[in-house]
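Visitor: I would like a close look at one part of this model, please. Could you take me slowly through the metal site and the spaces around it?

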Amino acid sequence: MLVLGIESSCDECSVAVVRDGQEILSNVVATQIPHHEVYSGVVPELASRLHVQWIHGVTEAALSQAGIKIQDLGGVAATSQPGLIGSLAVGLSFGKAIAFALGLPFKGVNHMLAHLYAPQLESPMEYPFLGLLVSGGHSIICVAEDFDQIRVLGTTIDDAVGEAFDKVAKHYGFGYPGGQVIDQLAEQGDPEVFRFPMPSLHKGEHRYDLSYSGLKTAVIHHLEDYRAKAGPASAENIAAGFRKTAVDTLTSRLHRAVEDTGINRVVAGGGVAANAYLRRVLAAWKDVDIRFPPLSLCGDNGAMVAGIAYRYFQRGEKDDFDLVPNSRIPIYKRGTQK
Ligand code: KG4
Ligand code: ZN
């Protein structure tokens with residue numbers, strides 16, 4: 001079955017064709033980053049307008065790169081939640097229109113579950129496994145019982161990890177989006193020059209929780225020294241110190257989860273899963289099978305949407321055409337989520 005997957009939850013306009021939830025025939029990603037860069041953040045109204053302008057061309061490119069005709073499709077899927085409501089509405093409406101016109105099943109997809117599915121496209125991991133879902137809007141440590149069911153163990157009590165990278169970069173004027181810029185700067189810096197403290201959430205229900213607002217404040221504290229080019233406050237050293245604490249916080253919680261649950265299979269997903277230091281630390285863990293998506297599937301993309309949708313279609317599950325987008329999902333809370 002060939003599934004068309006549409007992703008428009010934020011600032012990437014992406015459409016993909018995936019065969020049987022596994023084989024990526026095409027995955028076209030048109031990024032809006034240059035349009036939002038001047039504002040140092042995503043402007044929601046601009047994002048939805050660009051999706052409207054681009055979605056048709058991106059879809060045609062995805063079909064032609066896959067070497068198929070639209071009539072060859074067996075199903076259509078689009079991200080329906082969470083994300084920017086106007087942006088979601090564009091992809092969702094476009095996808096529903098295609099499915100309706102061709103008489104195909106349609107499925108709205110949860111963006112975070114799709115991120116967790118991304119590594120499954122290349123090299124499937126058996127369920128259950130531990131999931132590390134780290135993006136600009138979410139930071140979640142969970143047990144993935146199945147492709148559509150996760151049990152949240154811990155989450156951030158304030159900022160998401162990607163958001164912290166973006167905010168630090170914005171304050172320092174490093175560029176946008178901040179994650180990749182800081183990651184690259186940090187490769188040239190010394191992480192021992194600025195040792196930022198990790199959040200001390202160790203007990204009870206907070207055992208796996210994360211926090212980034214304290215770290216962000218601590219890093220911004222050095223802004224004046226950086227601007228005055230005083231002492232060791234170089235962009236590289238600050239980036240390296242920040243990246244180390246941000247990532248060590250994630251891996252310390254994840255390690256607890258491995259020890260407590262006895263589950264030694266881990267899948268990482270979301271934009272922050274592209275982080276070079278995170279990938280190095282986890283790859284060095286002994287006795288843990290760790291699966292990262294390839295860099296091309298870490299950020300937002302249509303392939304993960306098409307991939308997970310196939311699994312729903314296999315079960316005979318689809319959505320009605322009155323499905324509406326949702327900007328938020330109750331996935332933050334601890335416990336089982338679908
Ligand atoms: O999954 P994604 O593309 O969009 C959301 O669903 O949010 O993730 C974007 C986030 C941004 O905050 C970006 O700064 C961060 O992922 N990011 C990174 C890296 N590449 C992207 N964070 C740390 N290191 C990276 N290499
Ligand atoms: Zn995302």
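To set the scene, how many helices and strands does the secondary structure of the protein chain come to? And from there, which residues are the protein donors of the zinc ion (ligand 2)?

Guide: Happy to. Please keep in mind that this is a predicted model. The secondary structure of the protein chain comes to 11 helices and 11 strands. Its C-alpha atoms fill a box of roughly 65 × 45 × 30 Å along the principal axes. The radius of gyration is 20 Å, in agreement with the value near 20 Å for a compact globule of 338 residues. Buried residues account for 54% of those 338.

Now to the metal. The zinc ion (ligand 2) has three protein donors: His111 through NE2, His115 through NE2 and Asp300 through OD. These donors lie 2.0 to 2.1 Å from the zinc ion. Along the sequence, the donor residues follow the spacing H-x3-H-x184-D. The two histidines sit in helix H4 (residues 111-122), and because they are 4 residues apart there, about one helical turn separates them. Both histidine 111 and histidine 115 are buried.

Helix H4 also takes us to the enclosed space in the model. The structure holds 1 cavity of 30 Å³ or more, with about 30 Å³ of space in it. Its lining consists of Leu113, Leu116, Tyr117, Tyr127, Phe129, Ala144, Asp146 and Phe147. H4 and strand S7 (139-146) are the elements that each give two or more residues to this lining, and H4 gives the most, with 3. By class, the cavity lining has 7 nonpolar residues, no polar ones and 1 charged.

The same helix leads on to the open space. About 1700 Å³ lies in the largest pocket. It is lined by 49 residues, and the closest to its centre are Cys10, Ser135, Gly136, Gly137 and Asp166. The elements giving two or more residues to the pocket lining are strand S3 (23-31), H4, helix H5 (161-172) and helix H6 (178-187). Of these, H5 gives the largest share, 6 residues. The pocket lining has 17 nonpolar, 21 polar and 11 charged residues.

Finally, where does this pocket sit relative to the domains? Domain 1 (2-116 + 298-314) and domain 2 (126-292) both give residues to its lining, so the largest pocket lies between them.

Notes:
Residues are numbered from 1 along each chain as its sequence is written. Chains are lettered from A and ligands numbered from 1 in the order in which they are written. This is a predicted model: local features need pLDDT of at least 70, side-chain atom pairs count only at pLDDT 80 or more; totals for chains, interfaces and linings use all residues. Side-chain values use heavy atoms; hydrogens and water are left out. Donors are N, O and S atoms within 2.8 Å of the metal (3.2 Å for Na, K and Ca); water is not among the atoms, so sites may look incomplete. Buried means under 20% relative accessible area, exposed over 50%, partly exposed in between (1.4 Å probe, protein chains only). On a 1 Å grid over the protein atoms alone, a cavity is a set of points where a 1.4 Å probe fits but cannot get out, and a pocket is an open set with protein on both sides within 12 Å along at least five of seven lines; lining residues have an atom within 4 Å of a point. Grid points are joined across faces, edges and corners, and a volume is the space filled by probe spheres set on the points. Ala, Val, Leu, Ile, Met, Phe, Trp, Tyr, Cys and Pro count as nonpolar, Asp, Glu, Lys and Arg as charged, and the others, Gly among them, as polar. Domain bounds come from an automatic or database domain assignment. The radius of gyration is taken over C-alpha atoms; the globule rule is 2.2 Å times the number of residues to the power 0.38.
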